[in-house]
Structure formats: structure tokens, C-alpha cells
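The following exchange sets computed values against the definitions behind the terms. Please consult the model while reading.

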Amino acid sequence: MAIQIDHANSLFTLLTKNSMYQMKADSLGTLVHTRYGKRTPVFDYSYLNKSCDRGFSGNPYSAGKNRTYSLDTMPVEFPVYGSGDYRDCALKIRYSSGASSAELTFDSYEVKEGKYALPGLPAFYSCQEDTAHTLIITLKDTTNSVFVHLYYGVLEEKDIITRAVCIENKGDSPVYLDRVLSVCADFQYGEYDFISFYGRHAMERLYSRTRVHHGVQAVGSTRGASSHHYNPFVVLADKNTTETSGECYGFSFVYSGDFLAEAEKDQTGQTRVLMGIHPENFCYKLDPGQTFTAPETAMVYSSTGFESMTHTFHKAIRNNLCRGKFKKAERPVLINNWEGTYFDFTGDKLVAMASEAKEMGVELFVMDDGWFGKRDNDFSGLGDWIVNEKKLGCTLKDLSDRIHNLGLKFGIWFEPECISEDSDLYRAHPDWAFKVPEKKPVRSRYQLVLDFSRKEVRDYIFNMMCKVLDSAKIEYLKWDFNRSIGDLYSAELPADRQGETAYKYVLGLYEVLENLNQRYPDMLIEGCSGGGGRFDAGMLYYTPQIWTSDDTDAIERLKIQYGTSFAYPVSTMGAHVSAVPNHQTGRKTEISTRATVAMAGTFGYELDPAKLTTEEKEEIKNQIKTFRKYYSLIQDGIYYRLTSPYEDEEYTAWEFVSEDKQEALISIVNTKLTANGMFSRIKLRGLNPDLWYSIDNTEYPGAALMEAGLPLPIPSFEYESWNLHVKAINQ
Ligand code: DGJ
């Protein structure tokens with residue numbers, strides 16, 4: 001049983017295949033965290049929790065004269081502000097009196113079969129093959145009015161534990177939630193590193209590893225979306241942990257809005273990890289009888305380095321988070337016209353592009369920004385989701401029919417959450433955009449953000465989208481969002497509820513995405529926010545793939561995709577071959593290298609085929625055939641980072657291995673040319689050491705490839721790349 005309860009000791013143990021998580025309600029009713037780590041015998045691990053009298057660390061009244069009992073120095077499962085724990089807390093309640101001090105004690109618990117779901121929020125779910133259980137521990141405050149329900153989901157075989165929190169007001173006056181984080185994890189011992197993924201537009205999820213030092217190290221977003229700048233996925237790792245050895249803990253926030261993820265090393269050397277909604281734009285008024293639900297965080301422990309943590313997340317995201325037809329169905333190889341034409345196209349031009357693309361084997365044509373309203377540049381048009389037939393020279397149905405007649409599927413771009421001031425929608429409903437009274441709004445890309453916390457706004461946009469989607473055969477939708485939110489103020493909410501706007505906005509976004517999924521179950525939806533500005537587990541519940549970055553430069557993508565791969569599987573990463581010189585960097589790389597890199601993603605093209613040479617077109621034909629041949633190995637296989645683009649200057653390499661270890665594909669990109677370069681070799685991963693494998697007609701023992709390695713080819717030009725197919729020899 002994945003959840004074991006020792007009633008005599010009030011001990012709660014959660015068990016997955018390789019991990020154990022334990023907490024205990026102690027004699028004073030505090031829910032104390034006792035252990036998170038490798039699965040070991042179920043036993044009371046509270047012996048690890050040392051305590052002693054420390055000056056200025058207060059004692060709860062119920063501890064009497066025991067000066068050694070302090071919440072300031074204990075590992076606390078869900079710390080609340082005002083309890084004498086002066087580290088950053090998970091919860092801050094403001095009572096109607098204005099006071100904010102609270103204390104939480106154990107009230108009750110419940111165990112349920114299956115994994116909980118959260119109303120209106122994305123969450124991991126259990127599949128038929130899973131053994132899944134839910135533990136709900138309820139804590140209550142001293143006024144007997146605020147009840148905190150801590151949710152724990154255990155997917156035993158998938159090796160993943162999820163947490164979420166519901167706060168219920170059972171009192172008779174409102175309370176204000178100034179801070180509700182979803183996870184607190186206290187580690188009493190250890191020297192840790194904090195790994196996070198930072199970046200910027202067109203350069204997302206760069207890897208950062210720093211030693212956890214005294215004080216708080218935090219990443220987060222107050223931009224209304226999870227952001228390009230920091231990702232809501234962090235890792236706490238032992239200072240010696242490597243790709244293939246050592247302990248680490250991954251935390252993935254299943255939410256797409258503001259977030260905070262931090263590690264705090266306290267006075268006793270303990271490390272506290274917190275993750276949840278960023279408190280900056282948040283204050284939730286909880287009326288009597290109301291419940292607030294904080295989003296889920298998924299936690300994975302590995303005792304064998306980052307690689308196994310990654311594999312666990314990849315498997316769970318693919319199987320227990322992504323949904324719908326395209327969770328399993330093959331994704332089409334697409335061509336998107338954005339970098340090929342930007343706003344400058346007609347229906348005929350698009351059909352010409354599609355026709356050439358079809359010749360090369362492309363399967364889906366995507367019409368990007370510019371097909372609606374008055375939209376020949378980014379000054380205007382957002383919000384007017386009406387087909388610009390004058391620009392296209394035909395109706396959407398005609399265009400879609402022409403593309404389908406070529407034998408291609410058809411998809412279109414939307415940016416439903418935004419509005420241009422120069423649009424009919426804005427002229428009709430200026431109050432639908434976020435704006436603060438008596439202040440001019442902050443513009444970004446000349447556009448404003450619609451208040452998706454309002455139902456009438458959501459419904460209006462959804463209906464407009466449906467009209468377009470119903471007017472033609474459309475098999476794919478790209479959902480874009482091209483700015484950070486500012487001027488958070490909802491014209492519909494009273495002053496004391498304005499702090500709910502950002503959260504309600506995200507719930508509104510999820511509602512529209514859910515409705516789209518329900519109404520168009522066969523349509524593939526790709527998420528996007530100026531590239532990877534909202535690449536998070538929350539979005540993956542609604543959109544099984546996300547455009548990874550607006551940076552399509554193959555060499556820069558190595559770092560972007562490397563960082564992204566720590567949590568997110570290849571099947572979620574939108575990646576395209578674009579033209580050279582690259583539009584973001586001006587760099588020139590061979591089309592073969594651009595394809596090698598894009599194949600470590602959902603694979604497609606983003607260029608004008610009319611500008612390709614005959615040789616390039618022939619090469620693209622072969623690339624698509626290769627991708628199709630290895631599709632299942634790439635999309636469903638196990639992904640290994642063989643090198644780090646931060647440590648290995650000359651090559652970046654990765655590998656896909658089939659579950660049965662019969663086959664692998666190694667991709668290598670040369671990143672630096674030098675005269676008389678060093679000899680390099682690469683050690684393969686994940687093969688069966690006892691099998692023999694063939695690579696380019698040469699046979700090797702699996703153990704040799706993994707332990708002695710494979711010499712790397714010597715590059716003959718800059719950024720050369722290689723794909724090596726590894727096949728088990730059946731004796
Ligand atoms: C940003 C996206 O990331 C691009 O791919 C493209 O769709 C543009 N927006 C269109 O405005």
C-alpha cells in the first residue's frame with residue numbers, strides 16, 4: 001500500500017517505487033516533516049529531528065516551559081505565518097480583525113483510492129496501469145474556522161508524489177489569504193545546490209546551478225504567466241550530484257501563472273524548499289463557506305542523478321498529464337509560415353508554400369499571425385477574430401479546402417488573451433482590457449491583455465474562435481500569448497478582491513482551453529507565448545506540445561532544449577528547421593544540423609520553400625523520411641543527455657533509447673571547430689550491456705559502448721552534425 005498510516009504514532013508514510021515521504025502529527029499536534037528520500041523500511045524517522053534551545057526561536061504556548069520545542073527550528077510540513085517559525089512560510093492568513101498570526105494543528109485525515117483532481121486546475125491523473133492513492137491531512141487553526149486540507153497524490157509505479165492545498169473557511173467572517181504556497185519541503189541535513197532555469201525571450205530555460213547558502217534563493221514570475229525568465233521547475237540536489245549519480249529532488253509546479261520557487265538555508269543549516277503562487281500579486285478573500293484551491297506541485301526524488309529524475313518526469317508528463325488524442329497519436333510534421341512570410345502573405349502565397357511543402361513530405365500547413373481583422377503588422381487587429389478575406393483573397397473554407405486538396409492538414413494561429421487598442425473589439429469594450437483607473441496602461445508589443453477572469457470576456461472570445469474553427473476544416477491551433485500582464489485590475493471585482501485577479505485569470509485561461517479541448521477533441525493545440533514564455537506543466541495538461549522558443553538558431557537551441565529537457569519530454573517541445581542566415585542570430589548552419597536539432601522536438605519547418613535550393617528540398621524529403629522512421633524512438637523513447645552544452649565545448653550529444661533497449665539514436669552536433677582538435681569519445685547510456693549492437697555496420701558489445709565509449713567523428717565543417725542509429729544484433 002502506497003500510503004501507510006501508523007495510528008499509534010500518528011505517522012503518515014507515502015511510498016513510491018524508489019522514494020519515501022513521511023510526516024508525523026506530534027504530541028502537540030504539529031504536523032512535522034520527518035523524511036523525504038530513498039525508499040527505506042517504514043519506521044518512525046522522527047528520530048532524525050534534533051531539537052535544542054536556541055535563543056530567539058520562540059516556543060508555542062502549548063509547549064509549556066519546554067524551550068527546546070520551537071517551530072523555528074523543526075522541519076514543519078506546512079508552516080503558517082505567526083507560529084514562531086520565522087523562515088518563509090507556506091501560508092499567511094489575515095483575519096477580519098487585521099491580525100495575521102496563526103497556528104495550525106492536526107485535525108484529521110482521509111485516504112482515498114485514486115489520485116485527486118482539482119476543480120478548474122490542471123493536475124496529474126492516474127491511468128489504468130497505475131496504483132494511485134490520495135491522502136488528505138486536515139489541519140485547523142486556533143479559531144476553529146480555517147481548515148487547511150493538504151492533498152498528497154501518490155503514483156506508486158510512476159515514482160511521483162503530488163501535493164496541493166485547499167483552504168476552507170468554516171467560520172462566520174471572511175479571512176484574507178495573503179500567501180498560499182503549495183509545497184514546503186524541509187531538509188534537516190545536507191549541503192545542497194539549487195538548480196533553476198532562467199532566460200529571456202528567445203533564450204529560455206538556461207541551466208543555473210548554485211550552492212544553497214544562508215538566506216533565501218528564489219526564482220519566480222509576477223508577469224501573469226510562468227515566463228521566459230524563470231521556469232516553474234526547480235531541482236534541489238546534493239552538492240555532489242551529477243547526471244548519473246547522487247540525490248536530487250525535482251519540483252514541478254502545475255500552473256501557468258505567477259509562481260515562486262525558493263530554497264532557504266536557515267540558522268541550523270536546514271534547507272526549506274517552497275513552491276507555489278507568487279504572493280506579490282495575490283490576496284484571496286475567503287468568505288464563510290468558501291474554499292480556495294492552490295495548484296499542484298509534482299515532486300520526484302532520485303538517488304541516481306538528474307537522468308533518472310528526468311526520466312520519471314518525462315514518463316509521468318507523457319502518460320499522466322498530457323491528455324487527448326495527441327497524447328498517443330502521431331503528431332504531424334508541420335510547416336509554419338511565420339518566419340517565411342511574417343505578416344506579408346495572401347491565400348495564393350500560402351497555397352504555393354503548402355504545395356511545395358507537400359512535395360517534400362510535410363503533413364500540416366499552419367497559417368500564423370495576420371489572417372484576421374486589420375492585421376498587417378502588430379499595431380492592430382488583436383481581438384477581431386474575423387477572417388480577412390480581402391487579404392487572403394478567399395474565405396477560410398476555400399483556403400482550407402485548397403490546402404486539404406493538396407493532401408495536407410490545415411492549422412491556424414490565435415492570440416485569444418490579447419487585444420489591440422486599434423481593434424473593433426477594443427472600441428466596443430475598452431473595459432475588457434486590464435487597465436488601472438487614472439493610469440495609462442503599460443503597453444507591450446503595442447497590445448493589452450483581456451481580463452480573462454471575467455466570464456463574459458472569455459465567452460465572447462471563445463464564441464468568436466468557434467465561429468472561425470467551425471467555418472472550415474482546421475486540425476491544429478496555435479495558442480499564442482505575446483506579452484507579460486501588467487495593470488492587473490479587474491473592472492468587475494470589488495477593491496478587496498483585486499488580489500484574486502491574477503489567479504482567476506489563469507483559471508479563466510484554463511476554462512477556455514478545456515472548452516476547446518472538449519469541443520474539438522481531434523484538434524492538436526500547440527501552446528506558445530512568444531516562444532517558450534509559458535512552457536510549464538500546467539499548459540501541458542491542455543496543449544500536449546508548446547513552441548519551445550522564438551529562437552530557431554540550431555546552436556542556441558542546444559542550450560534551450562538541454563535546459564527544457566530536465567523536466568519536459570521531447571514530445572512536448574515544438575522545434576522547427578528555419579532558414580539561414582538565422583533570423584534571430586544571423587548564424588549559418590547546414591540544413592542537416594538544423595534538422596538534427598529540430599528532431600529532438602516535435603519537428604517541423606518554418607521557412608519559405610520557394611527560397612530553398614533543389615538540393616535542400618531533396619534533403620528535406622530525406623529528413624522527413626528519417627524522422628518518420630525513428631518517430632517512435634524519438635517521441636516515446638528514453639532520452640539521455642550525453643553531454644552538457646555548458647561543460648563540453650566542442651560537441652553536444654543526446655540519445656534516444658527504446659524501452660526494450662533494442663534500438664537507439666545518437667545525435668551529435670559539433671559546436672566548436674579547432675585546428676588539430678582533440679580526440680573525443682562519448683559514452684552511450686541506457687543500452688543492454690550484455691547485448692551486441694551495430695552502428696554503421698560495425699558491431700560492438702553494449703558494455704563497450706557504455707563503459708569505453710564511441711570515438712566521435714572529426715568534423716569537416718563548422719556545426720556539422722551526425723545521427724547514428726544503434727541496433728541490437730539478434731543472435
Ligand atoms: C510569437 C510566436 O512565438 C511566433 O512563433 C509567432 O507566432 C508570432 N508570435 C506571431 O505574432
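Q: Why does the pair formed by the ligand and the side chain of N482 count as a polar contact?
A: A nitrogen atom of the ligand lies 3.4 Å from an N or O atom in the side chain of N482. A polar contact is a pair of N or O atoms within 3.5 Å, so the pair qualifies. The model is predicted, with local features requiring pLDDT of at least 70 and side-chain atom pairs pLDDT 80 or more, while totals for chains, interfaces and linings use all residues. Residues are numbered from 1 along each chain as its sequence is written, and side-chain values use heavy atoms, leaving out hydrogens and water.

Q: What distances place D368 and D369 in polar contact with the ligand?
A: A polar side-chain atom of D368 is 2.6 Å from a ligand oxygen atom. For D369, an N or O atom of the side chain is 2.7 Å from an oxygen atom of the ligand. Taken alone, the ligand exposes 290 Å², of which the protein buries 98%; these areas come from the Shrake-Rupley method with a 1.4 Å probe.

Q: How many residues surround the ligand, and which are the closest?
A: There are 13 surrounding residues, and the closest are D368, D369, K478, D480 and D550. A residue counts as near the ligand if one of its heavy atoms lies within 4 Å.

Q: Why is the aromatic pair of Y207 and Y562 called edge-to-face?
A: Rings of Phe, Tyr and Trp (its six-membered ring) pair if their centres lie within 6.5 Å; planes under 30 degrees apart are stacked, over 60 edge-to-face and the rest tilted. By this rule the count comes to 52 aromatic pairs. The ring centres of Y207 and Y562 are 6.0 Å apart and the planes stand at 70°, so the pair is edge-to-face. Y207 belongs to strand 12 (residues 203-211) and Y562 to helix 10 (residues 554-565), 355 residues apart, so this pair links distant parts of the chain. Both Y207 and Y562 are buried, and they belong to a cluster linked by ring pairs that includes F233, F306 and Y646.

Q: What makes W371 and F372 an edge-to-face pair?
A: Their rings are 5.1 Å apart, centre to centre, with 75° between the planes, and the pair is edge-to-face. W371 and F372 are both buried.

Q: What places K170 and K559 over aromatic rings?
A: A charge sits over a ring if NZ of Lys or CZ of Arg is within 6 Å of the ring centre and within 35 degrees of the ring normal. K170 lies over the face of F147 at 4.3 Å from the ring centre, and K559 lies over the face of Y646 at 5.0 Å from the ring centre.

Q: Why is T244 called partly exposed?
A: Buried means under 20% relative accessible area, exposed over 50%, and partly exposed in between (1.4 Å probe, protein chains only). T244 has 39% relative accessibility, so it counts as partly exposed. T244 is in the loop between strand 14 (233-238) and strand 15 (248-254). Leaving aside residues up to four places away in sequence, T244 touches T304, G305, E307 and R685, where contact means heavy atoms within 4.5 Å.

Q: Why is E438 or Y719 called buried or exposed?
A: E438 has 84% relative accessibility and therefore counts as exposed. Y719 has 9% and therefore counts as buried. Phi of E438 is near 65°, a positive value in a residue other than glycine, and phi of Y719 is likewise near 65°.

Technical notes. Helices (H or I, at least four residues) and strands (E, at least two) are DSSP runs, numbered from the N terminus. A polar contact is a pair of N or O atoms within 3.5 Å; within protein, one must be able to donate a hydrogen and the other to accept it, and residues adjacent in sequence count only if both atoms are side-chain atoms.
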